[in-house]
Structures are given as structure tokens and as C-alpha cells.
Amino acid sequence: EEEEEEEVSEYETDSDDEADRPALLKPVFIPKTERDTILDEEKREEEEMIAEEKRIKAAEERKQQTQELVETIIRNEDEAATQTVHSDMEEMPDTDTDPEMAEEEYENWKIRELRRIKKEREEKEAYAREREEVERRRSLTDAERKAEDEAYTATLPAPVAEEQWKFLQKYYHKGAYFQQEEEKGVHTDTIFDRDYGKATGGDKFDKLLMPKIMQVKNFGRKGQVKWTHLVNEDT
């Protein structure tokens, strides 16, 4: 048994050594005429280096020629544009001959500039006040904020009580545009506080006093209909 173990261990050692050895290439015969010597390789590398230098030099020359050509074209275009501008300016009549007009335009410009600066300053101040108000409101407690809201609501004008709509009264919408309001939520003009639901013209008459057959829209006209309103109809 000991001899068999020794033979197995020797076999494993030989197989491991064979696995570690690098693979050898098969030798190939090359004729003398096809063999590359060291001198031939150096000569070929030198020729390639010279050809690369020539290629780089030719590329630089082409780049320089292209740049000079572009500069020449740009220079000619600038000269032509300058000549065109000078000719146009010579043909254009001189409108700044009146010194009083120039002084008046300068004064108007100063007024516009001052108004613009004033407007920008007012906008910045309004924005700063708004931010301060927001921070102050945030620092209040709920009770203080509620009391402040109630006091502000008390200063607003009382809403106008709307009158009861009459039977078959026409409806007019006041529109949604040009409803300017101030920062406090109040209209800038009293015309916006009018009651647009108030009866006007023929709607001031109580149509319930008329006979039943006349209690329709546009009675006696081409646009007369038999309907009165949705509440009265079974839809």
C-alpha cells in the first residue's frame, strides 16, 4: 500500500509540473530571402518617421493657408461694409442740427429715467413691506391673528343687500374683466359696488299681475316662448 501511494504522489507531481510549463510554439522555417534583419527594421522605422513628419508639416501648411484665406475674406467684407455704411451716412440727412430739439429730448429722457428709478424703488419698498407683514403675521398666535382679522373685517364697507328677484326678470352679468381692486380687496370705483341684480326697464313691473297667458318671456314678440323658468317646468 505504501508503494502504491508513492507512485500516485509521483504521478500527481509530474502532471502538476506539466501544467505549469508554458506552451511552446511549433518552429517554422523561414527562407533567407524573407527574413527581416535588425537593419531592415531600423530602416523601415526611419522611413515611416520621415513620412509622418512630412504629413504633419503638410497639414500645418494647409492650416496656415486656410487661416490666411479666411482672414483675407473677412478683411474684404469688413472694408466693403464700412464703405457701405459711410456712403449711407453721407446720403442720410442730418437731423441733429437743432440744438434746442436735442436738449428737449435729453430733458424728456431724464424725466423718464427718474420715473423709472422711482417706480423701481417703490416696488422694492412695497415688496419689503409685504415680507415684513408676512413675518409679523407668522409670529402672531392664533388668537392674535383671529382678533386682527376681525378688526380688519370691521373696517370693510358693509355689503349691499340684494333685492329679491322678480318673476321673469332678466339677468345681466357684470363681466369678469376690468374688475380692478386695491391691495385691501376693495374696488377702486363705486360703480363696482352697484347691484347688477336690480330690475331695470320693463322688469320693474310685477308680471305676476298679468293674465296667465301673458306670463311668458317676450310676450307678443317674434321671440316669444311658452316657457317661463326651470322651476316651473318638469325637466
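How many residues apart in helix α3 are Arg 116 and Glu 113? In this predicted model, the two residues are 3 residues apart in helix α3, which spans residues 99-139, so about one helical turn separates them. The pair is a friendly way into the structure, and the paragraphs below start from the overall fold before returning to it.

The chain contains 4 helices and 0 strands. Read from the N terminus on, its elements follow the order α-α-α-α. Of the 235 residues in the chain, 6% are buried. With that picture in mind, the contacts between side chains can be taken one by one.

Salt bridges come first, and the structure holds 12 of them. In the opening pair, Arg 116 and Glu 113 are joined by a salt bridge whose closest N and O atoms are 2.3 Å apart. Arg 116 has a relative accessibility of 38% and therefore counts as partly exposed. Its partner Glu 113 is also described as partly exposed, with a relative accessible area of 24%. Both values fall between the cut-offs of 20% for buried and 50% for exposed.

A second salt bridge in helix α3 links the side chains of Arg 138 and Glu 135, at 3.5 Å from N to O. These two residues are likewise 3 residues apart in the helix, so they are separated by about one helical turn. Here the partners fall into two classes of accessibility: Arg 138 counts as exposed at 57%, whereas Glu 135, at 41%, counts as partly exposed.

What about a bridge that leaves the helix? Arg 137 forms a salt bridge with Glu 148, and the closest N and O atoms of this pair are 2.8 Å apart. Because Arg 137 lies in helix α3 and Glu 148 in helix α4 (residues 142-155), the pair ties together parts that are 11 residues apart in sequence. Arg 137 is partly exposed at 22% relative accessibility, and Glu 148 is partly exposed at 27%. The contact also belongs to a network of salt bridges, in which Glu 133, Arg 136, Arg 137, Glu 148 and Asp 149 are linked.

Aromatic rings make contacts as well, and the count comes to 2 aromatic pairs. One of them is formed by Tyr 106 and Trp 109, which are stacked, with 5.9 Å from centre to centre and 25 degrees between the planes. The label "stacked" applies because planes under 30 degrees apart are counted that way. Tyr 106 and Trp 109 are 3 residues apart in helix α3, so about one helical turn lies between them. Tyr 106 counts as partly exposed at 43% relative accessibility, and Trp 109 counts as partly exposed at 42%.

Attention now turns to charge on the surface. Which residues form a negative surface patch? The patch is made up of Asp 40, Glu 41, Glu 42, Glu 45, Glu 46, Glu 47 and Glu 48. One member, Glu 45, lies in helix α2, which covers residues 38-91. Glu 45 has a relative accessible area of 52% and so is classed as exposed.

Finally, two residues draw the eye through their backbone angles. Most residues other than glycine have a negative phi. Leu 168, although not a glycine, has a positive phi of about 60 degrees. Leu 168 is found in the segment after α4. Is this residue buried or exposed? With a relative accessible area of 11%, Leu 168 is buried, since the cut-off for buried is under 20%.

Asn 218 also has a positive phi, near 55 degrees, in a residue other than glycine. Asn 218 lies in the segment after α4. Its relative accessible area is 32%, so Asn 218 is partly exposed, whereas Leu 168 is buried.

Methods. Residues are numbered from 1 along each chain as its sequence is written. This is a predicted model: local features need pLDDT of at least 70, side-chain atom pairs count only at pLDDT 80 or more; totals for chains, interfaces and linings use all residues. Side-chain values use heavy atoms; hydrogens and water are left out. Patches are made of residues with over 30% relative accessible area and no salt bridge: like charges are joined within 9 Å, nonpolar side chains (Val, Leu, Ile, Met, Phe, Trp, Tyr) within 5 Å. Accessible areas come from the Shrake-Rupley method with a 1.4 Å probe; for residues, only the protein chains shown count as cover. A salt bridge is a side-chain nitrogen of Lys or Arg within 4 Å of a carboxyl oxygen of Asp or Glu. Lys and Arg count as positive and Asp and Glu as negative; His and the chain ends are not counted. The place of a charge is taken as NZ of Lys, CZ of Arg, CG of Asp or CD of Glu. Buried means under 20% relative accessible area, exposed over 50%, partly exposed in between (1.4 Å probe, protein chains only). Rings of Phe, Tyr and Trp (its six-membered ring) pair if their centres lie within 6.5 Å; planes under 30 degrees apart count as stacked, over 60 as edge-to-face and the rest as tilted.
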